[in-house]
Each structure stands twice: as C-alpha cells, then as structure tokens.
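Pull the model up in your viewer and let's walk through it together. We'll begin with the sheet and work inwards from there.

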Amino acid sequence: GFATSTSLKKVLSGGLAVRYTTNEQVAGSIQVLLDAATAKRLGIHGATATGLPKGTPRLIVVGTAVLVTTKAGQGTLKIKFSPRTAARLKHTHKLKLTLRLFARNASRQSPQTTTVLSTVVLNP
C-alpha cells in the first residue's frame, strides 16, 4: 500500500512521497498518472499510460520514479513533477492522481511481476 502526503503545495514543491513495502528484492517503477480529461483542461501533456485494466479511463503519465530494492523492507520514494507540470497543477483545488507501482522480483526460478494501482487525492 501507499501512504503519501496529501498537501498539493508540499507535493508540488518537494515531490510526492510514496511509501512502499516489499517482501523481497524487486526492481520496477512507480508512475503518477492523471486522467486525460483533467490533464487536457490544465494544458498538461504526457505519454498515455498503457497496460491499464479494461474500462479504466485514459490516464497520462505526469511523473515516474525508479524503484530498486536489494532486500525486503520498507522505504519512501519521492516523485518530482517537472516545473511546467507543477505550475499547471497549482491551479487545481483538489487533485486526484493514480499511482501505479510496477515491480519484478529477482528470482530466476519463479519470476513474477506485480502491478498495484492506488488513488491519492491532494488538497490545497
């Protein structure tokens, strides 16, 4: 699960803090996704997120962080937004973002990939 700071101002200045827990060594990434309609309204451009479950509205990638762990445990990653994206997100009152964690374990015998989606709502 992710628990993150939910103050928009804090997130735009210092990045979105994402807490993660893993039970083994993993490599992957965390993406911050914004629904395409909101992005368009705010004039934010980004790559369309692919590989989402059927029926998910179109989402665009507004931030990414690489996740690499050497062992099981917990940690926090900060995902920063580009200055241009941050400037445009400033004008929203309430921002709903989707976080997508994609991770692969390091096992050769039983390689597994995991994708976890969660939603974060940021208030001013």
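**A walk through the fold**

Start with the sheet: 4 strands make up an open sheet, ordered 3-2-5-6, with antiparallel pairing. Its edges are strand 3 (59-68) and strand 6 (113-122), each of which pairs on one side only. Going from one strand to the next, the twist averages 20°. Keep in mind that this is a predicted model.

Now zoom out for a moment. The secondary structure adds up to 3 helices and 6 strands, and reading from the N terminus the elements go α-β-β-α-β-β-α-β-β. Along the principal axes, the C-alpha atoms fill a box of roughly 50 × 30 × 20 Å. How does the radius of gyration square with a compact globule? For 124 residues, such a globule would come out near 14 Å, and the protein has 15 Å, which agrees. The accessible surface is about 7,600 Å², and 52% of that belongs to carbon and sulfur atoms. Of the 124 residues, 44% count as buried. As for the contact pattern, take the contacts between residues at least 6 apart in sequence: 68% of these join residues at least 24 apart.

Back to the sheet, strand by strand. Strand 2 (residues 26-35) pairs with strand 3 over 9 bridges, antiparallel, and with strand 5 over 8 bridges, again antiparallel. Ala-27 is a nice spot to see both pairings, since on one side it stands opposite Val-68 in strand 3, and Ala-27 also stands opposite Arg-104 in strand 5. One step along, Gly-28 faces Leu-67 in strand 3. Moving across the sheet, strand 5 (residues 95-105) and strand 6 run antiparallel and are joined by 10 bridges. One pair to click on there is Leu-99, whose bridge partner in strand 6 is Ser-118.

How buried are these strands? In strand 2, 8 of the 10 residues are buried, so the strand is largely enclosed by the rest of the structure. Strand 3 has 7 of its 10 residues buried, so it too is largely enclosed by the rest of the structure, even though strand 3 is an edge strand.

Val-32, in strand 2, shows what that looks like for a single residue. Its relative accessible area is 0%, so Val-32 counts as buried. Setting aside neighbours within four places in sequence, Val-32 is in contact with Leu-16, Ile-60, Val-61, Val-62, Gly-63, Ile-79, Phe-81, Leu-97, Thr-98 and Leu-99. For a sense of distance, Val-32 and Thr-70 are 38 residues apart in sequence, and their C-alpha atoms are 23 Å apart in space.

That brings us to the nonpolar cores. In soluble globular proteins, nonpolar side chains tend to be buried together. Which residues touch the most other members of the largest core? In this set of 30 residues, they are Leu-34 and Phe-81. Strand 5 gives the most to this core, with 5 residues. Apart from it lies another core of 5 residues, including Leu-33, Ala-49, Leu-52 and Leu-59. Leu-34 itself, leaving out residues up to four places away in sequence, touches Ala-39, Ile-44, Arg-58, Leu-59, Ile-60, Val-62, Leu-89, Leu-95, Lys-96 and Leu-97.

Follow one of those contacts to Leu-95, which lies in strand 5. With a relative accessible area of 2%, Leu-95 is buried. Beyond residues up to four places away in sequence, Leu-95 touches Leu-8, Leu-34, Leu-89, Val-120, Val-121 and Leu-122. Look at the last of these: Leu-95 and Leu-122 are 27 residues apart along the chain, yet 5.0 Å separates their C-alpha atoms.

One last stop takes us off the strands. Thr-69 is in the loop between strand 3 and strand 4 (73-79). Is Thr-69 buried or exposed? Its relative accessibility is 7%, and the cut-off for buried is under 20%, so Thr-69 counts as buried. Not counting residues up to four places away in sequence, Thr-69 touches Tyr-20, Thr-22, Glu-24, Gln-25 and Val-26.

Definitions and conventions
Residues are numbered from 1 along each chain as its sequence is written. This is a predicted model: local features need pLDDT of at least 70, side-chain atom pairs count only at pLDDT 80 or more; totals for chains, interfaces and linings use all residues. Side-chain values use heavy atoms; hydrogens and water are left out. Two strands pair if DSSP finds at least two bridges between them. Helices (H or I, at least four residues) and strands (E, at least two) are DSSP runs, numbered from the N terminus. Axes are lines fitted to C-alpha atoms, for helices over the stretch in contact, and angles run from 0 to 180 degrees between N-to-C directions. Buried means under 20% relative accessible area, exposed over 50%, partly exposed in between (1.4 Å probe, protein chains only). Contact means heavy atoms within 4.5 Å. The radius of gyration is taken over C-alpha atoms; the globule rule is 2.2 Å times the number of residues to the power 0.38. Accessible areas come from the Shrake-Rupley method with a 1.4 Å probe; for residues, only the protein chains shown count as cover. A nonpolar core is a set of buried Ala, Val, Leu, Ile, Met, Phe, Trp, Tyr and Cys residues joined through side-chain atoms within 4.5 Å.
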